[in-house]
Amino acid sequence: MKVLVLHGPNLNLLGQREPSIYGKAGLADIDAALRTLAAELKLELDIKQSNGEGALVDAIQQAGAGGASGILINPAAYGHTSIALRDALLGVGLPFVEVHLSNTYAREEFRHKTLISDVANGVVIGFGPDSYLLGLRGLSAKLLRAG
């Protein structure tokens, strides 16, 4: 099974950007940990990062045709603003898990709600890089149950 992993805007700055909130791990570190776990779970990963909303929507729309069975997404700030991401995720009909590094409920009020959480198969927040790993484990279990 293949999983599309999408990293949203500014995640390319991980390790540099507000390490007190997002930690010191860089995106390459997170991707390496995901690949290690994926091998254990017998999953193939297609990992992409974009700062552009349209590029993320395009990747979601192409996921099924690219052989993806599910999507692991950190929409970052677009989670709070993008109806387009929500519509794309609903449009492709693939199971998906939303992840966030920080506990969005412990931050500014505008971060308390995302536009995709209520249609996601699961949401993992606040565990730093482990949010991705927990999300991938959950998505893998969902995909295995779906068969």
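**Reasoning through a predicted fold**

Of the 147 residues in this protein chain, 45% count as buried. The model is a predicted one.

User: What makes the protein chain as compact as a globular protein of its length?

Analyst: Start with the parts: the chain has five helices and five strands, and from the N terminus they run β-α-α-β-α-β-α-β-β-α. The radius of gyration is 14 Å, close to the 15 Å that the globule rule gives for 147 residues, so the chain is as compact as a globular protein of that length. The C-alpha atoms fill a box of roughly 40 × 30 × 25 Å along the principal axes. Also, 78% of the contacts with a separation of 6 or more are between residues 24 or more positions apart.

User: Why is Leu136 called buried?

Analyst: Buried means under 20% relative accessible area. Leu136 comes in at 0%, so it counts as buried. Leu136 belongs to helix α5, residues 130-146, and beyond its sequence neighbours up to four places away it touches Val3, Leu34, Leu37, Ala38, Leu41, Leu43, Leu45 and Leu72.

User: What makes a set of residues a nonpolar core, and which residues have the most contacts inside the largest one?

Analyst: The members have to be buried residues of certain kinds, Leu, Val and Tyr among them, joined through side-chain atoms within 4.5 Å. The largest such core has 22 residues, and those with the most contacts inside it are Val3, Val5, Leu34, Leu45, Leu72, Tyr132 and Leu136. The elements giving two or more residues to this core are β1, α2 (27-41), β2, β4 (96-100) and α5, with α2 giving the most, at five residues. A second, separate core of 18 residues includes Leu6, Ala68, Ile71 and Tyr78. As a rule, nonpolar side chains in soluble globular proteins tend to be buried together.

User: How do you know that the buried residues of α3 line one face of the helix?

Analyst: In α3 (residues 53-63) the buried ones are Leu56, Val57, Ala59, Ile60 and Ala63. Looking down the axis of α3, they fall within an arc of 160°, so they line one face. These buried residues pack against β1 (2-7), β2 (44-49), β3 and α4.

User: Ser82 sits in a loop. Is it buried or exposed, and how do you know?

Analyst: Ser82 is in the loop between β3 (68-74) and α4 (83-92). Its relative accessibility is 1%, and the cut-off for buried is under 20%, so Ser82 counts as buried. Setting aside neighbours within four places in sequence, Ser82 is in contact with Glu53 and Leu115.

User: What makes the Ser82 and Leu85 pair a polar contact?

Analyst: Distance is one test: the N or O atoms must lie within 3.5 Å. The backbone nitrogen of Leu85 is 2.9 Å from a polar atom of the Ser82 side chain, so the pair passes that cut-off.

User: What is the phi of Lys42 and of Ala76, and why is one called exposed and the other buried?

Analyst: Most residues other than glycine have a negative phi. Lys42 has a positive phi near 60°, and Ala76 a positive one near 50°. Lys42 is in the loop between α2 and β2, and its relative accessible area of 67% is over the 50% cut-off, so Lys42 is exposed. Ala76, in the loop between β3 and α4, has 12%, which is under 20%, so Ala76 is buried.

Notes. Residues numbered from 1 in each chain as written. Predicted model: local features only at pLDDT ≥ 70, side-chain atom pairs only at ≥ 80, totals over all residues. Heavy atoms only, no water. Helix = DSSP H or I, 4+ residues; strand = E, 2+ residues; numbered from the N terminus. Buried < 20%, exposed > 50% of the residue type's maximum accessible area, 1.4 Å probe, protein only. Polar contact = N/O pair within 3.5 Å; in protein donor to acceptor, adjacent residues only side chain to side chain. Contact = heavy atoms within 4.5 Å. Arc of directions from axis to C-beta. Rg over C-alpha atoms; globule rule 2.2 N^0.38 Å.
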